[in-house]
Amino acid sequence: DFGVLPGSMFVNRSIEEKYFFDHRPDRVVFLDVLMRPHPKFNKSTQNIAPFTNHETRVYLAYRGSFACSFAMLRFFSETIGLMTYVILNSFVKMLRLEPMRSIDKQLLAERKMN
């Protein structure tokens with residue numbers, strides 16, 4: 001997670017600055033939940049299908065739980081932020097809105113078959 005910001009800065013620099021153009025990567029894969037690609041890098045994102053309604057709910061619940069708990073931590077206290085995260089994350093799990101749920105389910109099914 002700590003590599004996302006420097007990596008994004010490197011990619012943005014390679015896109016913006018002409019003398020750094022030779023170092024521009026062919027592809028960039030973002031695995032973080034909060035970063036978006038550079039606006040001039042949208043050529044490769046045009047072919048990506050939009051989120052389904054379920055995917056939108058999953059990402060809003062998942063990102064929202066982190067954002068709310070961070071806001072509570074930042075503006076109130078660490079204890080309130082931690083309690084907010086535990087409560088919101090438990091709702092995310094109860095409602096089965098974890099982003100990796102389908103992948104984990106598939107992996108567990110494959111392991112049971114072997």
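Start by selecting A61, G64, S65, F66, C68, S69, M72 and L73, which lie in helix α2 of this predicted model. Then add E78, I80, G81, T84, Y85, L88, N89 and V92 from helix α3; this second set meets the first. Colour the combined selection by residue class: nine residues of the contact are nonpolar, six are polar and one is charged.

Next, widen the selection to the helices themselves. Residues 53-75 give α2, and residues 78-94 give α3. How do the two run relative to each other? Their axes cross at roughly 165 degrees; an angle over 145 counts as roughly antiparallel, and α2 and α3 are therefore roughly antiparallel to each other. Where they approach, the axes come within 7 Å. Now turn the view so that one helix lies in front of the other, and check the handedness: α2 passes α3 in a right-handed crossing.

Now show the whole protein as a cartoon. Four helices appear, and zero strands. Followed along the sequence, the pattern reads α-α-α-α.

With the whole protein still selected, display the contacts between residues at least 6 apart in sequence. What share of these joins residues at least 24 apart? The figure is 40%.

Finish with the surface. The protein exposes about 10000 Å², and carbon and sulfur atoms supply 61% of that area. Colouring by element will show this portion. To look at the interior instead, select the buried residues, which make up 14% of the 114 residues in the protein.

Definitions and conventions. Residues are numbered from 1 along each chain as its sequence is written. This is a predicted model: local features need pLDDT of at least 70, side-chain atom pairs count only at pLDDT 80 or more; totals for chains, interfaces and linings use all residues. Side-chain values use heavy atoms; hydrogens and water are left out. Axes are lines fitted to C-alpha atoms, for helices over the stretch in contact, and angles run from 0 to 180 degrees between N-to-C directions. Helices (H or I, at least four residues) and strands (E, at least two) are DSSP runs, numbered from the N terminus. Angles under 35 degrees count as roughly parallel, over 145 as roughly antiparallel, 65 to 115 as roughly perpendicular and the rest as oblique. A crossing is left-handed if the near helix is turned anticlockwise from the far one by less than a right angle, and right-handed if clockwise. Contact means heavy atoms within 4.5 Å. Ala, Val, Leu, Ile, Met, Phe, Trp, Tyr, Cys and Pro count as nonpolar, Asp, Glu, Lys and Arg as charged, and the others, Gly among them, as polar. Buried means under 20% relative accessible area, exposed over 50%, partly exposed in between (1.4 Å probe, protein chains only). Accessible areas come from the Shrake-Rupley method with a 1.4 Å probe; for residues, only the protein chains shown count as cover.
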